[in-house]
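The following note sets out some remarks on the model for a colleague's consideration. Please read the points alongside the sequence and coordinates.

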Amino acid sequence: MSGFSEDMPFFDEPNARPAAAPSGIAARAMAARSGQNGVPDYLKGLNPEQRLAVETTEGPVLVLAGAGTGKTRVLTTRIAHILATGRAFPSQILAVTFTNKAAREMKQRIGILIGEGNVEGMPWLGTFHSIGVKLLRRHAELAGLKSDFTILDTDDVVRLIKQLIQAEGLDDKRWPAKTFAQMLDNWKNKGLGPDEIAEGDARSFGNGKGRQLYKAYQERLQTLNSCDFGDLLYHPIRIFRAYPDVLKEYHRKFKYILVDEYQDTNTAQYMWLRLLAQRPQSSPLEGEVPAKRAEGVAAEGTAQSSNSTASSTAARTPPDRASPGHPPLKGEGNRRSSPINICCVGDDDQSIYGWRGAEVDNILRFDKDFPGATIIRLERNYRSTAHILGAASHLIAHNEGRFGKTLFTDRDDPEDDKVHVHAAWDSEEEARAIGDAIEAYQRQKHNLNDMAILVRASFQMRAFEDRFITLGLNYRVIGGPRFYERLEIRDALAFFRVVANGGDDLAFERIVNVPKRGLGEATIRQIHDTARAMRIPMLEAAATLAESDELKPKPRAALREVAANFERWQKALESTPHTELAETILEESGYTDMWKNDRSAEAPGRLENLKELIRSMEEYESLRAFLEHVALVMEAEQGESQDAVSIMTLHSAKGLEFETVFLPGWEEGLFPHQRALDEGGRSGLEEERRLAYVGLTRAKKNLHIWFVSNRQIHGLWQSTIPSRFVDELPETHIDIADSGNSYGGYGNPYGGGSFASGRGGGRQNPYGASRFDNIGAKDQGSFSNTYATPGWQRAQANRTEATDRNWGTRSGHQVERIGYGETDSGYGAGRTSVKGRTIEGELVAKSVADTPSAFNVGDRVFHQKFGNGNIAAIDGNKLTIDFDKAGQKRVLDGFVAPV
């Protein structure tokens, strides 16, 4: 049975019933039915800017909707207004969103406003690709396809490309099919066919055969009567360009075009929209002034502004009639070209998907693409406090490529907290402190569901997940699996499990053919059968088969290598440090190289996660202890209905909001990300700043920003400097938080007090003076630290002069205090030994002996934290060492051993 949308006339047939005139009796009667003053119910509650955006129905309109300003309400109410006033049939409205979820929500909201029956006839409301499928099925023959064509998924595309690579005589390991699939997707997202790609791009794959492979791929798709995801826009663009009559029919069909999240469109989406929206028109005759079509009413009872009023008769002239006194335009006979009624809603300050092809320039040149466009700014925010909005607006104002707008709120409560900025010694302290803060909010009856941690890179999540498991805090990872559930982490853990337990058949089966070793299902089945028949583990069965003649030479050689590898790693299990062994396993198995050779967008992130996995193992005494910890983490149930903290990347957080938001990792190189700076330059920096703006505007009431002085990145500890974004925040909306951690001076590597106060031995901030140095400095500096544990607080309350005199001694022997602040609050105070005392930057530790060091320049030494290295310089008992992996560090000679 055909639906209502199928029964509607596809094009504007002559016998189709006409729409009610906007100012006709029927339209006025429909408006009057809503109540007093003729204001429809759906317009009530809109602020002046929102109502202007809804009622400015004619001509090109760009709605710059800031975060939390009611963008979705404006878009749905605008469609409801067009339908309720009879300006168009449901089938004459093209409404484009980015996700199916957004399309469903839009339909539901419109149905609530004007009735579900009016929404059912909107066949052209959907995502770019869902609408592209409809267009392509209607005109499949023009693209060389049949209307019942198949849409291939990613796996099918990769298999097809691999066949073509092999047919060209190329090595599919050197030229991976996944890499070329990504290149194809990028080309199609730019609307480029085989003959249009740049010569350099064409020659960058397959020994210069990129263009040839692209042509062969498209021909093969046509033979299979199939298309890939990129073709759903690529083919309609080609059809519209090659067949102007088809495009003209759609110009007549769609009277109103509405686009959501316009700032996220890529080049192909932009071209698709331009073709549908830009109708060919002649220039006005001499003396004819084109009217600006805007009919918005600022507010009920408020006079309309001069730039948004339908002030001319020409603006209200039906499109099929010439205005009085002027002849029809040349080439159109007795018919004027229809007006371009396109409305794009977006926020240039939230364009954060450049890495997947989005072009912020699409929204920035809207007024040039559609001359005379009306630009309406939605700046009244209904989500965040004035301090959060002030911080976000001040930060994003540093970007040059933007239209410009400033968010504000009508709710200005003097009791609202400012944005808190915290400094921590390292990422572990950062995770501990954020966990403690969440527990504190929880004690104040805040729901965990209302809290979120937004990270720049996924590898940051691991520290928080482990900390929350320790604390017993429920959490969920949004936009992806939890750290230990990621593909690459599960694979790595499977390798480790087999090494720790050779009888773990489930783990062995997962990685026996990872990376690809030519072991097919038949070989795996034979290993299974042998293991069951002999009642031995699969690893032992594989070793047995490798020494027999039951397998073909290639799989037999592969199994022999696998068995030998695991035998070698198991022997090293008891004698090699488990972190070193784990790194060796991933390297010798070829797993690390597999991801290094993978040119997909996910590969760098997977490599970072593997390095973070190795780093996380340092806290455990053995490989088996670490695997036991992971098993407990994996056992923790994750339910959508339970009260849980949300952990996600900043990119995944767009469109969400939370009462309390934590933003860790605001350091140079991490945020802004170094890759974005290297590849994008100034535009990359501006996109990173927009990402920071998105993160700030997710918070409703409480916002905490964190940066650390030391972070382990790519397996190496690195000293870090605060992100430039921190100093771009406005002083009036920022509060420098006292970290109050239980690790004394480690919370402040520059002294117990503020940098400018001179406390902590007068040590200066090595990053230069900051304008936050004196904010909130009273009796203690802004960054001063004390123990926060109950036991320490009781001890402080009971301190006496006698205990002060004896502080720092034990059993009558002087104990050195190594601290980065006042001497009675250092990490080493009262301790006989401090593991890995490291001197970063300026040397602040006091010598423990006056005798010369027993080492000589050039000696080879080992440090527990930094590994092996050569001594480059000696100053008393302080050594400058060039470590093989950690670079140059200065350490005390008591913490290194000769090699």
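1. In this predicted model, S616 has a relative accessibility of 0% and therefore counts as buried, the limit being under 20%. The residue belongs to helix α27.

2. The surroundings of S616 can be described through its contacts. Its side chain comes within 2.6 Å of the backbone oxygen of L613. Apart from residues up to four places away in sequence, S616 touches R462, Y484 and F626.

3. R462 also appears in the lining of the largest cavity, together with S427, E430, A431, F459, Q460, A463, F464, E612, R615, R711 and Q712. This cavity encloses about 100 Å³ of space, and the structure holds four cavities of 30 Å³ or more.

4. Which elements each supply at least two residues of that lining? They are α18 (427-443), α19 (461-471), α27 (603-616) and β14 (699-713). By class, five lining residues are charged, four are nonpolar and three are polar.

5. A separate region deserves comment. The unreviewed UniProt entry carries a "binding site" annotation that covers A65, G66, A67, G68, T69, G70, K71 and T72.

6. Within this annotated set, G68 sits in the loop between β1 (61-65) and α4 (71-84), whereas K71 is found in helix α4. G68 is buried, at a relative accessible area of 18%; for K71 the value is 18% and the residue is buried.

7. Leaving aside residues up to four places away in sequence, G68 touches R380, N381, Y382 and R383. With neighbours within four places likewise set aside, K71 is in contact with A65, D260, E261 and V345.

Key:
Residues numbered from 1 in each chain as written. Predicted model: local features only at pLDDT ≥ 70, side-chain atom pairs only at ≥ 80, totals over all residues. Heavy atoms only, no water. 1 Å grid on protein atoms, 1.4 Å probe; cavity = no way out; pocket = protein on both sides within 12 Å on 5 of 7 lines; lining within 4 Å. Points joined across faces, edges and corners; volume = space filled by probe spheres on them. Helix = DSSP H or I, 4+ residues; strand = E, 2+ residues; numbered from the N terminus. Nonpolar A, V, L, I, M, F, W, Y, C, P; charged D, E, K, R; others polar. Buried < 20%, exposed > 50% of the residue type's maximum accessible area, 1.4 Å probe, protein only. Polar contact = N/O pair within 3.5 Å; in protein donor to acceptor, adjacent residues only side chain to side chain. Contact = heavy atoms within 4.5 Å. UniProt positions renumbered as here; feature names shortened; annotations may be inferred.
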